[in-house]
Amino acid sequence: MKTKNEIKRIGVFTSGGDAPGMNACIRAVVRTALFYDKKVTGICRGYQGMIDDEFEKLNSRSVSNIIQRGGTILKTARCEEFKTPEGRKKAYDNLVKNEIDAIVAIGGDGTFTGAWEFMKDYNIPFVGVPGTIDNDLFGTDYTIGFDTATNTAVEAIDKIRDTASAHNRLFFIEVMGRNSGAIAIRAAIAAGAEAMMIPEQPITVEELIAIIAKGEKNQKSSSMIVVAEGGKSNKSLHEIVEEIKKKFPQYDPKMAILGHTQRGGSPSCFDRILSSRLGVGAVEALLNSKSGVMVGLVNDKILYTNFDRAIHIDPSVDEEIIRISKILAM
Ligand code: F6P
């Protein structure tokens, strides 16, 4: 394990799907490293840039005026080559060539899986920062970008509600999250949705029909169903809408897929602060000889979780919030 004095230059990169707040985290990493008299290099396009030797020295001005910007100034990529021993060897050789002694990796489970594999063969300390809109990592209550993505989803659902209500329509709105219903759950409650379809508690089309029928009985003028992309039980959203249309033609069911709008935009205040705290925590972890861990925020405290636990343990489902959503959707 490298000591504080042995670490002279820290590398930082973003990888996987971008998330609002990644720039705020890069800024925090760079400035914390400089605060402790360490040098910093940005690695562009994640593991792909590590393999292709895309390194860029960073100073405090390189990260000026980025805390409020979405996307990532270091760019990002999903990289198949890093999954091979040959790819990881090329990456290691470039890290040595660029005199990188320790690394902060900002990304999701794919990013930490890559780091975990790499660390089995090469002795370069890695600390991870959870950066994904999906909020699907064990070891942190929130991942960078989740709050902003959820706010974006809620804003869009509110707008759709206006037109749905004007026409007495039923809308299915698909939100992102891969295998996690975290965005769907929060967005559904905040937007007052009538129902949600999430992978953690799948519902059948028959159950959905019963919920819509109940709303009709209660004289609802519009209904919003929030659908997690992983919550459709092997059906396409189109197929679900067609089935519902047969039962409730009077509601003229429509669908909207919010897609990548949820990944863009200026990070919320919450995400900027979360990113700043986690960025500082990541550098301080490296300087305290930690490696192979993800920094997270649990009950408002900085905590470190081993990569294998962060990747392999499913974060617990917020049963309480699901219960609340069912009470309120009458
Ligand atoms: O992991 C973030 C995420 O936005 C998921 O919610 C979504 O399933 C996936 O990435 C989309 O990936 P891509 O942008 O590569 O299509």
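**View 1. Domain 1 and domain 2 meet through 14 residues of domain 1 and 13 residues of domain 2.** The model shown is predicted. Its chain is divided into domain 1, made of residues 9-145 and 267-312, and domain 2, made of residues 147-263. The C-alpha centres of domain 1 and domain 2 are 34 Å apart. Between them, the domains bury about 1100 Å², of which 47% is on carbon and sulfur atoms. On the side of domain 1, the greatest losses of area to domain 2 are those of Asp18, Ile133 and Asp134, which together account for 44% of what that side buries.

**View 2. Polar contacts and a salt bridge cross the interface of domain 1 and domain 2.** The count of salt bridges across this interface is 1. Asp18 and Arg263 are joined by their side chains in a salt bridge, with a distance of 2.8 Å from N to O. Asp18 is also among the three residues of domain 1 that lose the most area to domain 2. Polar contact across the interface involves 9 residue pairs. The side of domain 1 that touches domain 2 comprises 5 nonpolar, 4 polar and 5 charged residues.

**View 3. A ligand is surrounded by residues that include Ile133, Asp134 and Arg263.** The other residues around the ligand are Arg78, Thr132, Met176, Gly177, Arg178, Glu229 and His260. Ile133 and Asp134 also appear in the first view, as residues of domain 1 with the most area lost to domain 2. Arg263 appears in the second view, as the partner of Asp18 in a salt bridge.

**View 4. Polar side-chain atoms of Arg78, Arg178 and Glu229 approach oxygen atoms of the ligand.** For Glu229, the distance from a polar side-chain atom to a ligand oxygen atom is 2.4 Å. The corresponding distance is 3.0 Å for Arg78 and 3.5 Å for Arg178. The ligand on its own has 400 Å² of accessible area, and the protein covers 75% of that area.

Conventions
Residues numbered from 1 in each chain as written. Predicted model: local features only at pLDDT ≥ 70, side-chain atom pairs only at ≥ 80, totals over all residues. Heavy atoms only, no water. Domains from an automatic or database assignment. Contact = heavy atoms within 4.5 Å. Buried area = accessible area lost by both parts, 1.4 Å probe. Salt bridge = Lys/Arg side-chain N within 4 Å of Asp/Glu carboxyl O. Polar contact = N/O pair within 3.5 Å; in protein donor to acceptor, adjacent residues only side chain to side chain. Nonpolar A, V, L, I, M, F, W, Y, C, P; charged D, E, K, R; others polar. Near = heavy atom within 4 Å. Areas by Shrake-Rupley, 256 points an atom, 1.4 Å probe, with all protein chains shown as cover.
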